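Here is a friendly walk through one protein model, meant to be read with the sequence and the 3D view side by side. Please keep both open as you go.

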Amino acid sequence: MIYKKDAPFLRFAPSSTRIFVLGGVLLLLSAISYGIKHLISVVNTSVAIINAVLVTAVQWLDSAFVFLLIIGIATVIIAIAVNCLQPDSSRIRCIVRRALFDYSYGNPLHFKEGELLPSIKCKKSGLHKFVITITTKCKTAKELQDISPSISSCLDTKGFWQYAVVETTADLAFKWVSFTIENVMIQKVLVIDSIEELRPKEPTKLIVQKGTYIDLTTSGSMLIAGKTRSGKTTGIIALLLQVLLAGRDKFGSLVTIIDPKKAELSQLPHTYTLDENGEATPILDAIKNFAATITKRQEILNDLSVKSGDAVKWWDADMRASFLFIDEYVSLRSILPKRTAKDSTDYNIETFDGLIKRIVTMGASAGCYVIISIAEASVGEGGLPGMLQSAMTTRVLFKPKVKEGRFMWDSDMLKDFPERTYNAGQCWFSSTDGIHDNVTYAQFPNMGGIKLYAELHKLLKAYYRE
């Protein structure tokens with residue numbers, strides 16, 4: 001099929017519309033035949049001698065009228081049935097084809113007269129989710145990737161207003177580009193009325209929302225950013241509650257919380273904060289202890305692997321995940337002094353950076369993870385070191401803005417995310433689990449009716465059997 005500016009309306013119309021138009025034409029012909037028959041009958045009865053030819057014509061037109069009427073009505077009924085039975089994937093395909101190929105819609109792909117049109121396919125890929133695939137016969141992958149706003153806008157006016165492009169993927173050979181569209185208005189948020197509702201069915205999976213999990217067997221440490229009142233701390237607590245509910249293992253798993261601000265978290269058991277002199281020595285000691293458990297747990301896994309003759313993963317050894325949560329990472333880092341030539345201790349920022357780097361890069365194999373919380377996504381001085389940020393495989397940005405998002409993800413991953421106003425708990429989310437590798441919308445559990453710090457206090461006590 002080639003591009004034509006003066007293409008007729010029906011060229012990109014759905015099958016039901018074409019059938020309906022055919023039925024309308026048949027009914028129109030039946031009406032015309034009835035009118036002509038009536039006119040001939042009037043003429044024939046007005047003359048003195050009845051014309052046999054006119055009588056035959058009336059009979060023929062009467063039969064044509066009945067035939068066309070029956071076929072026309074049947075065709076219209078078929079068109080209605082086809083329209084009702086047509087799957088949403090076919091509807092979406094027709095909508096997108098018309099929006100991209102019909103000149104009256106603005107020609108977003110800038111086709112030239114006579115240029116070959118690409119093929120479009122659409123299939124359902126899950127609940128309230130579809131994948132539209134467009135070939136690159138005459139357009140480059142880059143040109144196709146840039147039309148995601150056009151696809152979202154054409155759906156907005158054609159009965160799928162709640163759907164939008166949430167992900168764009170190009171084939172490695174650049175033979176096609178796929179657009180994942182999803183109902184972004186559907187409520188996936190979990191409303192938690194009891195802490196027990198957060199108890200994980202699998203200790204390696206931490207739930208974020210309905211159908212969205214952080215899989216600890218494939219992902220690593222977490223970077224979580226968000227300004228004040230963005231829902232960041234509540235979201236992190238939701239994850240920690242799940243880890244605590246999964247229980248402690250016999251291999252020394254830990255849940256260690258670092259609060260350099262001496263705020264609410266510092267009142268919890270097994271939380272470390274600044275000492276009476278305002279120094280972070282207790283914090284550094286707690287991080288050293290957490291890092292030491294990685295070595296011990298890895299040695300246990302190595303011994304089990306030797307005995308079994310195959311690699312034993314931490315979850316296969318019935319280990320539970322260990323977590324080090326550092327609240328306000330940037331503030332903590334600013335407290336630590338820089339190393340000088342006269343330093344005789346390891347109380348400095350270099351020691352801290354080395355420990356965090358080791359845990360982030362080596363801890364996942366032993367089931368040990370870091371959750372780093374920052375108020376604003378940025379890199380370099382006053383932010384998260386670039387090397388460390390790239391090693392964090394699960395990333396969350398609460399109440400996101402595109403400008404901040406670019407510090408956490410490549411710009412290409414955010415091209416389908418327009419600026420909009422988000423509520424507390426709403427975020428952009430990605431994790432290297434093979435499902436959420438690309439950035440998606442998410443909303444952490446709503447736990448407004450629960451006294452979170454009281455529950456966290458109780459579960460920390462139970463976790464350490466105190």
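## A residue in helix α2

D62 lies in helix α2, which covers residues 52-85. This is a predicted model, so everything below was computed from predicted coordinates.

Is D62 buried or exposed? Neither label fits: with a relative accessibility of 33%, D62 counts as partly exposed, because that class lies between under 20% for buried and over 50% for exposed. If you would like a sense of scale, pick out D62 and K307 in the viewer: they are 245 residues apart in sequence, and their C-alpha atoms are 93 Å apart in space.

## The hairpin of β3 and β4

Strand β3 takes in residues 163-170 and strand β4 residues 176-183; the two pair in the antiparallel sense, with seven bridges. One place to look is E167, which stands opposite T180 in β4. Between the two strands of this hairpin there are five residues, and F174 has a positive phi near 55 degrees.

How much of β3 is buried? Six of its eight residues are, so the strand is largely enclosed by the rest of the structure.

## An open sheet of eight strands

Next comes an open sheet with mixed pairing, built from eight strands in the order β9-β8-β10-β11-β7-β12-β13-β14. The edges belong to β9 (271-272) and β14 (440-443); each has a single partner strand, so one side of each is left without a neighbour in the sheet.

Inside that order, β12 sits between β7 and β13. Strand β7 (residues 222-225) runs parallel to β12 (residues 394-398), and four bridges join the two. Here M222 stands opposite T394, while L223 stands opposite R395. With strand β13 (residues 426-431), β12 runs antiparallel, joined by five bridges. In that pairing, V396 has F429 as its bridge partner.

## Both faces of β12

In a regular strand, side chains alternate between the two faces of the sheet. Which residues of β12 are on each side? T394, V396 and F398 are on one side, R395 and L397 are on the other, and all of them are buried. That fits the count for the strand, where five of five residues are buried. Note that the charged-type name R395 appears in this buried list too.

## Helix α6

Helix α6 runs from residue 232 to residue 246, and its length can be checked with simple arithmetic: at 1.5 Å a residue, 15 residues should span 21 Å, and the end C-alpha atoms are 22 Å apart, which agrees.

This helix is mostly covered, with 12 of its 15 residues buried. Among them are K232, G235, Q242 and the run from I236 through I237, A238, L239, L240 and L241. Just after α6 comes G247, which has a positive phi near 90 degrees.

## Where α7 meets α9

Helix α7 (residues 281-308) packs against helix α9 (residues 349-362) at an angle of about 30 degrees, and their axes are 10 Å apart. The crossing is left-handed.

Which residues make the contact? From α7 they are L284, I287, K288, F290, A291, I294 and T295, and from α9 they are T351, F352, L355, I356, R358, I359 and M362. Sorted by class, this contact has 10 nonpolar residues, two polar ones and two charged ones.

Notes:
Residues numbered from 1 in each chain as written. Predicted model: local features only at pLDDT ≥ 70, side-chain atom pairs only at ≥ 80, totals over all residues. Heavy atoms only, no water. Expected span 1.5 Å × (residues − 1). Buried < 20%, exposed > 50% of the residue type's maximum accessible area, 1.4 Å probe, protein only. Pairing = 2+ DSSP bridges. Axes fitted to C-alpha atoms, helices over the stretch in contact; angles between N-to-C directions. Left-handed = near helix turned anticlockwise from the far one by under 90°. Contact = heavy atoms within 4.5 Å. Nonpolar A, V, L, I, M, F, W, Y, C, P; charged D, E, K, R; others polar.
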